[in-house]
Amino acid sequence: MSEVKDFYETIEGCKTHILRGGQGAPLLFLHGANGAGRWMPFMADLAKDFDVFVPEHPGYGKSDTPPWLDNVGDLANYYLSFMKHFGLKDVTVVGTSMGGWIACEIAVRDPARIKRQVLVAPAGLRVIGTPVADLFLWNAETTVRNLFHSKEMAERMLAIPMTEEDSDIGAKNRLMTARLAWSPRLCNPDLEKWIHRVELPTLVVWGRNDALIPVAYAERFREAIPGAKVQIIEDCGHIPHAEKTTEFLAAIRGFAKAS
Amino acid sequence: MSKNTEFYLFHLMPYADLDLTQVEKHDSSWVTLPNSNYDPKKGHLLYNRYLDELEMGDTLGFDGLCVNEHHSNAYGLMPNPGVLAGMLARRTKNVKIAVLGRALPLLNNPITVAEEFAILDNVTAGRFVAGFVRGIGAEYFSWNSNPAMSHERFHEAHDLIVQAWTREGPFAFEGKHYNFNYVNLWPRPYQQPHPPIWIPSQGSTETIEWAAHPSRRYVYLQTFSPVAMLAKFMKEYQNSAERHGWQATPDRLGWAVPCYVAETDEIARNEARPHIEAFYQKFLRMPPEMLLPPGYLSLKSMQGMLRAKTQLRSGPKDLDAVIDSGMFLCGSAKTVRDQILRYQQDIGFGKILTMLQFGTLPHELAVKNMQIYARDVMGEIRKMEAAPAMAAAK
């Protein structure tokens, strides 16, 4: 079990909360709307092969909210500075949901420091006629029930008592998600125009039973990014890394070996 | 007693023909209630009926008539209140006409409101009152306006409108959300430097501080809230003014509340019950996520509310509950008059905006309510204010 460093770093004027653990080539994990303040089992597993960075995005969790943060493009530019700050090269970027959207925006801007990207049920594009669900109308309980396909797993998550700090961070994360993704909901029409320029080896991972961003979106990303591979995980909701950790890790390792 | 209380007639223009059983089949009577529940033939009758009721407010001697803006709902059918205010402008002679208000953060071009309000002010020779709000949370879903930018858009739109009214054009406005090379308002407002600005709110410290700032001194209106909240927020306004070195006189403060007056307390309660319960339970029904999208409240307020879990249940809304909390004035003229006078003495507001039609209340009862209220509540309070010695002798 590798040691996890829990620290703050000021980048682009934003005091950022970061978890870092493991050895190997760098892996940048970009979390989704619910944040990533804790070192999760899948991160520990990836840390066996990678030097894993898990920042909390500016505006989320224990990171500060900088005055310049208005849209996902701002976060993409921030992460270019982040990778430069740590001198990262040949980075494997793993972005889930909102984090997958950020990954695409980074890759469109400047992929020089990136070796490959894994997009896990990413937001960012639209499929006209197949809207994403409105997560802003979900309460805390329905959010958990809708994110997991497995009812037992959802019940287990709901049984964990919420601390006041969790509650405060939840409100902060939700506020920033609205700021970044309210309109148009969870996508950027400008990204549609330029995502074809992404030349990175790309793996798109999707849960078959995703109730937030329907699995039909996987095809949209396959079409949009030249050479992208798609892997669908059966009996799985919007967060495969939590719900189907084994399959998720195998997908990343297989992709890393092949690219 | 020597104050001059101002009496306003407030209307929401609800879809009173709503099939209430339909509301239960949906999350809300806002945003997602299918508009197949709206019958335009009934709508035709309702709009004309409501305009009649408002016009009657002029002949009954109210100081002003109030309309407001809401979208995609059965609760209030005035998505563009300027249209209704425009109709009233020509059909009334004495009353003020107040749009309370336009939801500024929803606008992509706030100058449209500066223009619209300036027209109303010109047509009525200054009988116009401007209201600015942020809208109800549900509106951010209906208009897809970003609630996380609600406060900053409100302030920027407000600044743009006030500048458009007061600065010589053309001038450039260079903001974050709004940019114009040539702001040059034709028509300019009739009232100088600009129409009075009122700020209706359900109560937020940020809004109160902003409205009470000595550079603005805007009239603050507390809407549809328990009396305890009314007292708390008005005290905040008065304290804020005092900290800034000015005294908030009663005319700076107003209370908007539904009200029903009848021959006796018992008649009033019986006649009002189904309609006020429909108002609070059906027309205002929405889940907390729809009422308070992220950013609608400041992060600190939202975090406090989530910790306390207070947003989840706002308490029962049956007749007794809303009367007890002061969210509904109901009873004989004496009961209602005494209640208003007591609250006024305790709290210090000088404007009272009564909504005398609410929910499903039919025309006949609304008219009876207006007549009794005008004669025996408004009329009596005015007499008492005009002859303080007589009132004291009673």
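Helices here are DSSP runs of H or I with at least four residues, strands are DSSP runs of E with at least two, and both are numbered from the N terminus. Everything shown below comes from a predicted model.

**Figure 1. Gly137(B), tucked into a loop of chain B.** Gly137(B) sits in the loop between strand E4 (128-133) and H5 of chain B. With a relative accessibility of 0%, Gly137(B) counts as buried. Leaving out residues up to four places away in sequence, Gly137(B) touches Met290(B), Leu291(B), Pro293(B) and Tyr296(B). For a sense of scale, Tyr373(B) is 236 residues away from Gly137(B) in sequence, and the two C-alpha atoms are 32 Å apart in space.

**Figure 2. Glu139(B), a buried acid without a salt bridge.** Glu139(B) belongs to helix H5 (residues 138-142) of chain B. Which side chain of opposite charge is nearest to Glu139(B)? That would be Arg102(B), and it is 9.9 Å away. A salt bridge needs a side-chain nitrogen of Lys or Arg within 4 Å of a carboxyl oxygen, so Arg102(B) doesn't pair up with Glu139(B). What the Glu139(B) side chain does reach is the backbone nitrogen of His71(B), at 2.9 Å. Setting aside residues up to four places away in sequence, the neighbours that Glu139(B) touches are Trp30(B), Glu69(B), His70(B), His71(B), Leu106(B) and Asn144(B).

**Figure 3. Where chain B meets chain A.** Here 19 residues of chain B are in contact with 19 residues of chain A. About 1,800 Å² is buried between the two chains, with carbon and sulfur atoms giving 60% of that area. On the chain B side, Glu289(B), Pro294(B) and Arg307(B) lose the most area to chain A, and together they make up 30% of what that side buries. Polar contacts turn up too: the rule finds 12 residue pairs across the interface, both partners at pLDDT 80 or more. Three elements of chain B, namely H5, helix H10 (288-291) and helix H11 (299-308), give two or more residues each to the side that touches chain A. H11(B) gives the largest share, with 4 residues. Sorted by type, the residues on this side of chain B divide into 10 nonpolar, 5 polar and 4 charged.

**Figure 4. A salt bridge across the interface.** Side chains of opposite charge can pair when their charged atoms come close. Across the interface of chain B and chain A, the rule finds 4 salt bridges. One partnership to look at is Glu164(A) with Arg307(B), where N and O are 2.8 Å apart.

**Figure 5. Salt bridges within chain B.** Over all chains, the salt-bridge count comes to 35. In one of the pairs, Lys176(B) meets Glu152(B), N to O, at 3.2 Å. Lys176(B) lies in the loop between strand E5 (171-174) and strand E6 (179-183), while Glu152(B) lies in helix H6 (residues 150-166), so this pair ties together parts of chain B that are 24 residues apart in sequence. Lys176(B) is partly exposed at 46% relative accessibility, and Glu152(B) is partly exposed at 26%. Another pair is Lys368(B) and Glu263(B), with N and O 3.0 Å apart. Lys368(B) comes from helix H14 (residues 363-386) and Glu263(B) from the loop between strand E9 (253-262) and helix H9 (265-283), so here the parts tied together are 105 residues apart in sequence. Glu263(B) counts as partly exposed, at 46% relative accessibility.

**Figure 6. A salt-bridge network in chain A.** Salt bridges link Asp45(A), Lys48(A), Asp49(A) and Arg253(A) into a network. Within it, Lys48(A) bridges to Asp45(A), with the closest N and O atoms 3.3 Å apart. Is Lys48(A) buried or exposed? Its relative accessible area is 63%, so Lys48(A) is exposed.

**Figure 7. Backbone oddities in both chains.** Most residues other than glycine have a negative phi, and most peptide bonds are trans. In chain A, the peptide bond from Ser183(A) to Pro184(A) is cis, with omega near -10°; Pro184(A) is in the loop between helix H6 (164-181) and helix H7 (189-194). In chain B, the bond from Gly169(B) to Pro170(B) is also cis, with omega near -5°, and Pro170(B) is in the loop between H6 and E5. Asp90(A), not a glycine, has a positive phi of about 55°. Asp90(A) lies in the loop between helix H2 (72-85) and strand E5 (91-96) of chain A and is partly exposed at 47%. Ala121(A), not a glycine either, has a positive phi of about 40°. Ala121(A) sits in the loop between strand E6 (114-120) and helix H4 (140-147) of chain A, and it counts as buried at 0% relative accessibility.

Terms used: Residues numbered from 1 in each chain as written. Chains lettered and ligands numbered in written order. Predicted model: local features only at pLDDT ≥ 70, side-chain atom pairs only at ≥ 80, totals over all residues. Heavy atoms only, no water. Buried < 20%, exposed > 50% of the residue type's maximum accessible area, 1.4 Å probe, protein only. Lys, Arg positive; Asp, Glu negative; His and termini not counted. Polar contact = N/O pair within 3.5 Å; in protein donor to acceptor, adjacent residues only side chain to side chain. Contact = heavy atoms within 4.5 Å. Buried area = accessible area lost by both parts, 1.4 Å probe. Nonpolar A, V, L, I, M, F, W, Y, C, P; charged D, E, K, R; others polar.
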